Amino acid sequence: MAAVLEGGAHRAHKELVKTVQLEGQVLLKIIQHCSEALPQLVTGQLLGLDVGQQLEVTDCFAFPTAVADDDVEAESAGANYQLEMMRCLREVNVDNNTVGWYQSANMGTFQTVELIETFINYHENIKKCVCIIYDPQRSARGNLGLKAIRLKESFIELSKEQKLTLKGFQEVKLSWRDIFVELPIKVRNSNLVQALVADLMPAPSATLADVDRLNLSVAPFLERNIQSLVECVDDIVQEQQKVSVYHKSVARQQQLYAAWLQKRRQENTQRLQDNLEALPEEDPTLFKPIPEPSMLDNYLVTNQIATYCDQINIAASEAIQKLFLMEGIQKAGL
């Protein structure tokens, strides 16, 4: 993910962002960039201004596709491109305040460690930043796959303190549902754009998009979601095995420590009888605490499973509604 630009940092406010306002032109740019790049996932920069609890996104530009084999070289090239773009926008008096970034998603999947790390990097300079997620495949089924997300503040603090363990999450009362906060999106167009759209709008009639909404072929979409769901279940099993190995290691260490302590006490009893100084009953070099595994991957995979389940439920519900609708149309035609 591209580096954060310090020049786009805003003054931090105490209130959190609760809504995102997108200009219609920005939405069209995001849709075009993400759709044309399929099946490749792409990203871009969001520009705008935060006004109280609302983040206004007034412009955006796409990040170039990485062509360098070296990750460091590709990241450096991306950062230089951003700096040059920001300089050019500043020269033509266009909004150049960074407020976040957008990225495309594949079948609704965006919950990754890389996304978390990018959020943390942005948060160092821009307290109010969001990520716009656009899913072209979901939009192709008649629903606009667009959402704005940010990280919960308590999770950001927990991540900075490197306490992403089960105990850490429990202390701040965070569940896997609380990592991301979804924000409502408002699309805004100027009065001139609205007048132009009203003038260009054709007479009401059925379009190809209206016909596509009645498409009863839901099997391929469900099959891809179920396949992804099975892969996530395998991942969650692996994460649970890591936790199980940790608990077994802790239990084994406790048994070894109990045996060592019993032996040390017997030795101290003998030393006291021989008028010798007792040895300490704690040895920090022998039994070092086993680090607790991070629960971040576990929580992210659980979040992905919930996303796939929601998509399957919505697709199945829409398919049933279409079947009843087509049945009613056929009866009316008879």
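Let us begin where two helices touch: Ile116, Ile120, His123 and Glu124 of helix 3 meet Glu153, Phe155, Ile156, Ser159 and Lys160 of helix 5. Sorted by class, the residues in this contact are four nonpolar, two polar and three charged. Bear in mind as you look at these side chains that the model is predicted.

A packed pair of helices is described by the angle between the two axes and the distance between them. Here the axes of helix 3 (residues 113-125) and helix 5 (residues 153-160) come within 11 Å and cross at roughly 95 degrees. Angles of 65 to 115 degrees count as roughly perpendicular, and therefore helix 3 is roughly perpendicular to helix 5.

How far can you trust what you see? The mean pLDDT of the protein is 82, and 88% of the residues score at least 70. Among the elements, strand 5 (residues 130-134) has the highest mean, 92, while helix 8 (residues 208-212) has the lowest, 60. At the start of the chain, residues 1-13 stay under 50 in pLDDT, although the model gives this stretch 35 contacts beyond four places in sequence. Coordinates predicted with low pLDDT should not be read in detail.

Now to the backbone, and to some places worth a look. Most peptide bonds are trans, and most residues other than glycine have a negative phi. Against that background, the bond joining Leu38 and Pro39 is cis, with omega about 0 degrees. You will find Pro39 in the loop between helix 1 (24-36) and strand 2 (43-51).

Which phi does Gln162 have? Its phi is positive, about 55 degrees, although Gln162 is not a glycine. Gln162 follows helix 5 into the loop between helix 5 and helix 6 (166-171), and it counts as exposed because its relative accessibility is 72%. Asn275, also not a glycine, has a positive phi of about 60 degrees. The loop that holds Asn275 runs between helix 9 (219-273) and helix 10 (296-333). With a relative accessibility of 72%, Asn275 counts as exposed.

Another loop, between helix 2 (71-91) and strand 4 (98-104), holds Asp95. Is Asp95 buried, exposed or partly exposed? At 38% relative accessibility, Asp95 counts as partly exposed. Beyond its neighbours within four places in sequence, Asp95 is in contact with Leu47, Thr58 and Leu89. Val57 lies 38 residues from Asp95 in sequence, and their C-alpha atoms are 9.4 Å apart in space.

We can finish with the cysteines. How many disulfides does a search of the whole structure find? The search finds zero. For Cys60, the nearest cysteine sulfur is that of Cys34, at 9.2 Å, and Cys60 is in no disulfide. A disulfide needs the two sulfur atoms within 2.5 Å, which is why a distance of 9.2 Å leaves Cys60 without one. Cys60 counts as buried because its relative accessibility is 6%. Cys232 is likewise in no disulfide, and its nearest cysteine sulfur, that of Cys309, is 9.3 Å away. Cys232 has a relative accessibility of 4%, so it too counts as buried.

Methods:
Residues numbered from 1 in each chain as written. Predicted model: local features only at pLDDT ≥ 70, side-chain atom pairs only at ≥ 80, totals over all residues. Heavy atoms only, no water. Axes fitted to C-alpha atoms, helices over the stretch in contact; angles between N-to-C directions. Helix = DSSP H or I, 4+ residues; strand = E, 2+ residues; numbered from the N terminus. Parallel < 35°, antiparallel > 145°, perpendicular 65-115°, else oblique. Contact = heavy atoms within 4.5 Å. Nonpolar A, V, L, I, M, F, W, Y, C, P; charged D, E, K, R; others polar. pLDDT = per-residue confidence, 0-100. Buried < 20%, exposed > 50% of the residue type's maximum accessible area, 1.4 Å probe, protein only.
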